[in-house]
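Me: I'm new to this one and would like a close look at a single part of it. Could you walk me through the sheet and whatever sits around it?

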Amino acid sequence: VGTLWIGPGDGERPDEWWVWDIVIDESCQGRGLGRSCMLAAEREASAKGATSLGLTVFGHTPAARHLYESLGYGVVSMRMSKTL
């Protein structure tokens, strides 16, 4: 029904983990699977010694942004662009 890829970030901060990719098949979205995956990612990262878990969320996915915010993730940086 989907994939989740997590792991340490760069070699300088092995305690800062990252969600490299999370995909829930479109036919399975809206059932809480994304939330369950993120909670599992947090548990696994913490068990491996992570002190933080970061991710990138794109502006064209407001449902994903809402999920991450509801789980306590906050904006650290923002990249903006304009179509010309």
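Reply: Here is a walk through the sheet, then the helix lying across it, and then the charged side chains.

Keep in mind that this is a predicted model. Let's start with the sheet itself. It is an open one, built from three strands in the order 1-2-3, with mixed pairing. Strand 1 (2-8) and strand 3 (52-54) are the edge strands, so to speak: each of them pairs on one side only. Going from one strand to the next, the twist averages 25°.

Now zoom in on strand 1 and strand 2. Strand 2 covers residues 16-24, and the two strands pair in the antiparallel sense over seven bridges. If you want a spot to find by eye, look for Gly2: its bridge partner in strand 2 is Ile24. As for what holds such neighbours together, strands of a sheet pair through backbone hydrogen bonds, either parallel or antiparallel.

Next, the helix. Helix 1 (residues 33-47) lies across strand 1, strand 2 and strand 3, and runs at about 155° to strand 2. A handy residue to follow here is Ala41, which belongs to helix 1. Ala41 has a relative accessible area of 0%, so it counts as buried. Leaving aside residues up to four places away in sequence, Ala41 touches Leu4, Ile6 and Leu53. You can also check Ala41 against Ile22: they are 19 residues apart along the chain, and their C-alpha atoms are separated by 10.0 Å.

What about the surface? Trp5 sits in strand 1, and because its relative accessibility is 53%, it counts as exposed. Trp5 teams up with Trp18 and Trp20 in a nonpolar surface patch, and together they have about 350 Å² of accessible area.

Last, the charged side chains. The structure holds four salt bridges. One of them links Glu69 and Arg65, at 2.9 Å from N to O. Both residues lie in helix 2 (residues 62-70), four residues apart, which is about one turn of the helix. Glu69 is partly exposed at 42% relative accessibility, and Arg65 is partly exposed too, at 38%. Elsewhere, salt bridges that share partners join Arg13, Asp15 and Glu16 into one network. Arg13 meets Asp15 with their closest N and O atoms 3.4 Å apart, and Arg13 meets Glu16 at 3.3 Å, N to O. Arg13 is partly exposed, with a relative accessible area of 40%, and Glu16 is partly exposed at 33%.

Definitions and conventions
Residues numbered from 1 in each chain as written. Predicted model: local features only at pLDDT ≥ 70, side-chain atom pairs only at ≥ 80, totals over all residues. Heavy atoms only, no water. Pairing = 2+ DSSP bridges. Axes fitted to C-alpha atoms, helices over the stretch in contact; angles between N-to-C directions. Contact = heavy atoms within 4.5 Å. Patch = residues over 30% accessible without salt bridge, like charges linked within 9 Å, V, L, I, M, F, W, Y side chains within 5 Å. Areas by Shrake-Rupley, 256 points an atom, 1.4 Å probe, with all protein chains shown as cover. Buried < 20%, exposed > 50% of the residue type's maximum accessible area, 1.4 Å probe, protein only.
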